[in-house]
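Q: Please take a close look at the strand pairing in this model for me, residue by residue where you can. Then set that part in its surroundings, and say how far the prediction can be trusted.

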Amino acid sequence: MPKEFKRDRLVQVPGTALLPERDVERSPILECRHLGIDFGGLRALDDLDITIGRTEIAGLIGPNGAGKTTVFNLLTKVYNPTRGSVLLDGMDTAGKTTAQVNQMGIARTFQNIRLFHNQSVIDNVLIGLHNEMSYGMFASILRLPSFWRAERIARGRAMELLSIFGLEVHADELAGSLPYGAQRRLEIVRALATNPALLLLDEPAAGMNPSETVELMENIVKIRDTFQIAILLIEHDMNLVMGICEGIAVLNFGKVIAKGSPEDIRANPAVIEAYLGRKGAAQT
Amino acid sequence: MKLNNTKRKNLLTYAVVTVCYAVFQMLSLGGNLSSTLKGMLVPICAYVVMAISLNLTVGVLGELSLGHAGFMSVGAFMGVTAAISLQNVIVSAPLRLAIALIVGAVFAGIVGFLVGIPVLRLNGDYLAIVTLAFGEIIKSVFNNLYLGLDSRGFRLSLLEDRTNLHEDGRLIIAGPMGIGGIEKIASFTAGFVLILICLAVIFHLVNSRHGRAIMAIRDNRIAAESVGLPVTRYKMMAFVTSAAMAGAAGALFALNYSTVVANKFDFNTSILVLVFVVFGGLGNMLGSIIAAATLTILPEALRGFSNYRMLIYAIVLVLVMLASNNEQLRSMLSRIIPKRKEHTHDA
């Protein structure tokens, strides 16, 4: 029997947004308004409106090629949107770079793992902690006390973060030598190290077996509870999505076809059609 | 235990440099060194600094730069100019040398910054081509630069000598004639100290948040941006540091000769330094040092072959490269030297 995770009911707030009950009192962390992008003549994403609460675990699902990763790339400014805006904590991210958006509070993982393979596991996390340290170039060349202090604190913090996923024993190994599942977990740790307010996970359960997936679900909920951050995830594993997500948006051909709680989504005919095709379509 | 390994390797590098310095210094003082080799000690130091500084750009930052001699040139001309202008002000030669090296480094760093603004927006092959062009531009500028010093201060002109110096003045840079009548104040000890300083700067930089950021950008630019690293700033940091070190090396090199001309620092010199780096291993500072020293001495050692000298030099180079990439030879070496395998991890 799959484990039950505590999920809050979605509540309608003024405007069109749905938020988990506990986040209603506070302004949402992320608001996308009419977000869209064209690649040449292809309308890859159109009129995306999503709102995510401060501590919400939200899901973005849809068939392959629906534009899910494009949404992540727009949120993190890998692409610049053709239309619409992204508000992070009420601030517009227009004109910001990927690095600046990260410093504003969005961290992400990648569908195809992008670790720094030739560096040690702890160095990967320390790179994530880069902006948490503040010593300058001369402090590092002259090995001033500020360097040692910041490095010591950062190392402690890195080990703490690694221990969330039980990776602290691998701290000195090369990141590229870790097994696949551990690499995915390390990517999440690295993203968390940047101290985000919103964590984007691109298919975190890809390549994991069912028991690893359950462990991952526990960890995602644990991260949300410990750090009190919002998490938006793309995932094809419906057990994971239905198990931990509070709000779900379904994309198909670059358009949102449904939004709501897992129960609403499961019963939505448009979603079933997008995934399984229309009843009788094969005959005609 | 990667960290300990890196530390051990860094210490080994310092130790090798110090031992080599001690040995050659003793031989030289004891008069057991041929005059050719003695004359090469300072150039070797300069090329070693060139190699480790280029290794910072190519090995650590991961961008191919083909104009490194340009920065050496800036350092050489500016450093020598500083040394000549201060000839009557500062009596102590070592102090004047130190100031010349610093002036060379600062000017090369500034030029590195200016060159870096357009260049670091490019990637891969394009960056290599543009750095090549900048190296040539710097060479042309110094070939056409006239700089004189008289009681009114520095007088500068381009293309032809229009400095109109007073009686008491001295034309320092004379266009294609370069700088002549340099007082040779560079010393082997100064070269050794410069190598140690550059090594310390590189090792300390690499093993800090800045170095980790630079290597992260090299390994995966998209991921580096996603964790909030300002890519251009860190590329610039590595590039400028590398250029400044090349400038110091240039000043040291030039102050070892009585004349210096811009054509000495051409494309061939850039490639020569790049060969040191590739030969010694990307990111491997000790390798760069050994390669730079050996490959600087080799053509001299092969002088006995007269006309076939460069041919044999090339053949030796190709053979060593083939041998060092040979799997069987490598596994044999790692059996003989068990620690070698650990070292290759962080190399």
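**Strand pairing and its setting**

A: Happily, there is a neat place to begin: Asp150(B) has Gly153(B) in E2(B) as its bridge partner. Please keep in mind that this is a predicted model. The two strands concerned are E1 (residues 145–150) and E2 (residues 153–158) of chain B, an antiparallel pair held by 6 bridges. Between E1(B) and E2(B) the chain makes a hairpin through 2 residues. E1(B) also pairs with strand E3 (residues 170–174) of chain B, again antiparallel, through 4 bridges. Within that pairing, Leu147(B) has Ile173(B) in E3(B) as its bridge partner.

Now for the chain around these strands. Chain B has 3 strands and 14 helices. Its C-alpha trace spans about 70 × 55 × 40 Å along the principal axes. The radius of gyration of chain B is 21 Å, which agrees with the value near 20 Å for a compact globule of 347 residues. Of those 347 residues, 45% count as buried. Taking contacts in chain B between residues at least 6 apart in sequence, 76% join residues at least 24 apart.

How far can you lean on this? The model has an ipTM of 0.85 and a pTM of 0.85. In chain B the average pLDDT is 84, and 94% of the residues reach at least 70. Helix H9 (residues 231–254) of chain B has the highest confidence in the chain, with a mean of 93, and helix H14 (residues 340–346) of chain B the lowest, with a mean of 42. Across residues 339–347 of chain B, pLDDT stays under 50, and the model has 15 contacts beyond four places in sequence for that stretch. Where pLDDT is low, predicted coordinates should not be read in detail.

Next comes the contact with chain A, to which chain B brings 24 residues and chain A 27. On the chain B side, the elements giving two or more residues are helices H1 (2–29), H6 (188–206), H7 (209–219) and H8 (221–226) of chain B. H7(B) gives the most, with 7 residues. By class, this side of chain B has 13 nonpolar, 6 polar and 5 charged residues.

H7 of chain B leads on to helix H3 of chain A: the buried residues of H3(A) pack against H7(B), together with helix H5 (145–164) and helix H6 (180–193) of chain A. In H3(A), residues 121–128, 8 of the 8 residues are buried, so the helix is largely enclosed by the rest of the structure. Among the buried residues are Val121(A), Asp123(A), Leu126(A) and Gly128(A).

Chain A has strand pairing of its own. Its 6 strands form an open sheet in the order E8-E9-E10-E5-E11-E12, with mixed pairing. E8 (106–108) and E12 (255–260) of chain A stand at the edges with a single partner strand each, so one side of each has no neighbour in the sheet. From one strand to the next the twist averages 20°. E8(A) and E9 (residues 198–202) of chain A run parallel and are joined by 3 bridges, with Ala107(A) opposite Leu199(A) in E9(A). Helix H1 (residues 68–75) of chain A lies across E5, E8, E9, E10 and E11 of chain A, at about 145° to E9(A). Helix H10 (residues 269–276) of chain A also packs on the sheet, touching E11 and E12 of chain A, and its direction makes about 130° with that of E12(A).

Methods:
Residues are numbered from 1 along each chain as its sequence is written. Chains are lettered from A and ligands numbered from 1 in the order in which they are written. This is a predicted model: local features need pLDDT of at least 70, side-chain atom pairs count only at pLDDT 80 or more; totals for chains, interfaces and linings use all residues. Two strands pair if DSSP finds at least two bridges between them. Axes are lines fitted to C-alpha atoms, for helices over the stretch in contact, and angles run from 0 to 180 degrees between N-to-C directions. Two residues are in contact if their C-beta atoms, placed from the backbone, lie within 7 Å. pLDDT is the predictor's confidence in each residue, from 0 to 100. Ala, Val, Leu, Ile, Met, Phe, Trp, Tyr, Cys and Pro count as nonpolar, Asp, Glu, Lys and Arg as charged, and the others, Gly among them, as polar. The radius of gyration is taken over C-alpha atoms; the globule rule is 2.2 Å times the number of residues to the power 0.38. A residue is buried if 20 or more other C-beta atoms lie within 10 Å of its own, exposed if 12 or fewer, and partly exposed in between; C-beta atoms are placed from the backbone.
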